[in-house]
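Thanks for making the time this morning. I would like to walk you through one model, going from single residues to the way the helices pack, and I will try to keep to what the coordinates support.

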Amino acid sequence: MAQQQPMSLPAKLINGGVAGMVGVTCVFPIDLAKTRLQNQRSGQQLYKNMLDCLIKTVKSEGYFGMYRGAAVNLTLVTPEKAIKLAANDFFRHRLSKDGGRLTVFREMLAGCCAGMCQVTITTPMEMLKIQLQDAGRLAQQRVMPSVVTTLKLGGASAVLSRSYNTTPSPQVMRVSATQITRELLRTKGVTGLYKGLGATLLRDMPFSIVYFPLFAHLHQLGQHSCDDPSVPFYWSFMSGCMAGCVAAVTVSPCDVVKTRLQSLKKGANEETYTGVVDCVRKILKKEGPGAFLKGASCRALVIAPLFGIAQVVYFVGVGVHPLQHLLYLNKLFLRLSKA
């Protein structure tokens, strides 16, 4: 049973960090497919769907190609998820009146504040991750066959001929997150790592506004009784999955804009954007409203289990036990030093 007990801030940070690492490890390949699907333009579609993207990635880059950028996520997801989950708890506590039940508006406000806090880590993490994830798509795009259609006027039917690029398939450039960070800091300073900050806020704030209140209400439905507020771990998982799925699809258009803005390298004939408004305008004009839902199913498949796992780990309280051992060892050390 997942019993909600008062936890210290360090325990909450450890819980959030462990939850993020476990979740990211499980769903990262789907996240890579989401990024590549969002970045491909209409008329230049290299991937038909998520499964096609993953198959082509394995064929061209090997199994570990599906985990390009995972190291960045695993490194930075610990503070990112820790800040998000702990900040939400902090603001919920501050906004509650004498420990009473929060109104929906206050729950949404707490989620909004948590979303604002997390972007300090999320923006550079996403910036680096997207460059690494999208490198394979750009390399595959350079060797796509060009289709030339010729129509013989004297014949009864059109003759479709395909001319293929016969040059060897280029290897995906192995660029590390450290190299990208150094280059951005050298050319653009710290602000280079925070490109797309506005779009990240537009995604993460509404996500948290939808996710946290919805999760709180779904989670509460699993309580045994008013006297026994404990909730089974599987109910925490299901609540996290359902709330994450709804929130992910809701903000999917903002995620597409953020991904496009943070992609530094572009493929052939891919336009650049000057900001959020310019990006929205060009996508609407050239690709239509449907482009804003690219990768939405992938994002739902990523976020649902990610937050389901995160909430189980968080509510079980993984971080409480090591802290208790540390406190015990500290007390033991103090007693020995006084002896």
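Let me begin with Arg203, which lies in helix 6. This is a predicted model, so please take every value I quote as computed from its coordinates. Is Arg203 buried or exposed? Its relative accessible area is 4%, and because the limit for calling a residue buried is under 20%, Arg203 counts as buried. Setting aside residues up to four places away in sequence, Arg203 touches Thr122, Glu126, Val251, Cys254, Asp255, Lys258 and Arg299. Please keep Glu126 and Lys258 in mind from that list, as both names will come back when I reach the packing of helix 4 against helix 8.

Now a step back to the whole chain. The protein chain has 11 helices and 2 strands, and, read from the N terminus, the order is α-α-α-α-β-β-α-α-α-α-α-α-α, with the two strands following the fourth helix. Of its 339 residues, 47% count as buried. If we take the contacts between residues at least 6 apart in sequence, 78% of them join residues at least 24 apart.

With that in place, we can turn to pairs of helices. Two packed helices are described by the angle between their axes together with the distance between those axes, and I will give both for each pair.

The first pair I have chosen is helix 6, residues 197-220, with helix 7, residues 233-250, which pack at an angle of about 150° with their axes 8 Å apart. That angle makes helix 6 roughly antiparallel to helix 7, and the crossing of these two helices is right-handed. On the side of helix 6 the contact is made by Phe207, Val210, Tyr211, Leu214, Phe215, Leu218 and His219, while helix 7 contributes Trp235, Ser236, Ser239, Gly240, Met242, Ala243, Gly244, Val246, Ala247, Ala248 and Thr250. Sorted by character, the residues of this contact comprise 12 nonpolar and 6 polar ones, with no charged residue among them.

Gly240 also gives us a link to helix 10, by way of Ala304. Ala304 sits in helix 10, residues 296-316, and is buried, with a relative accessible area of 11%. Leaving aside neighbours within four places in sequence, Ala304 is in contact with Gly240, Cys241 and Cys245. As for Met238, which is 66 residues away from Ala304 along the chain, the two C-alpha atoms are separated by 8.8 Å.

The next pair is helix 4, residues 104-141, with helix 8, where the angle is about 70° and the axes are 9 Å apart. Helix 4 is therefore roughly perpendicular to helix 8, and the crossing is right-handed. Here Thr123, Glu126, Met127, Ile130 and Gln131 of helix 4 meet Lys258, Thr259 and Gln262 of helix 8, and the residues of this contact divide into 2 nonpolar, 4 polar and 2 charged. Glu126 and Lys258, then, each take part in this contact, and each also touches the buried Arg203.

Helix 8, residues 252-262, has a further partner in helix 9, residues 276-287, and these two pack at an angle of about 105° with their axes 10 Å apart, which means that helix 8 is roughly perpendicular to helix 9. In this case Val256, Val257, Arg260 and Leu261 in helix 8 meet Val276, Cys279, Val280, Ile283 and Glu287 in helix 9, and the contact residues divide into 7 nonpolar, no polar and 2 charged.

Ile283, in helix 9, deserves a moment of its own. How accessible is Ile283? Its relative accessible area is 0%, so it counts as buried. Not counting residues up to four places away in sequence, Ile283 touches Val256, Arg260, Tyr273, Gly288, Ala291 and Phe292. Ile283 and Ser42 are 241 residues apart in sequence, with a C-alpha to C-alpha distance of 9.8 Å.

I will finish with Arg68, placed in the loop between helix 2 (50-61) and helix 3 (70-95). Arg68 has 9% relative accessibility and therefore counts as buried. A polar atom of the Arg68 side chain lies 3.0 Å from the backbone oxygen of Leu132.

Key
Residues numbered from 1 in each chain as written. Predicted model: local features only at pLDDT ≥ 70, side-chain atom pairs only at ≥ 80, totals over all residues. Heavy atoms only, no water. Axes fitted to C-alpha atoms, helices over the stretch in contact; angles between N-to-C directions. Helix = DSSP H or I, 4+ residues; strand = E, 2+ residues; numbered from the N terminus. Parallel < 35°, antiparallel > 145°, perpendicular 65-115°, else oblique. Left-handed = near helix turned anticlockwise from the far one by under 90°. Contact = heavy atoms within 4.5 Å. Nonpolar A, V, L, I, M, F, W, Y, C, P; charged D, E, K, R; others polar. Buried < 20%, exposed > 50% of the residue type's maximum accessible area, 1.4 Å probe, protein only. Polar contact = N/O pair within 3.5 Å; in protein donor to acceptor, adjacent residues only side chain to side chain.
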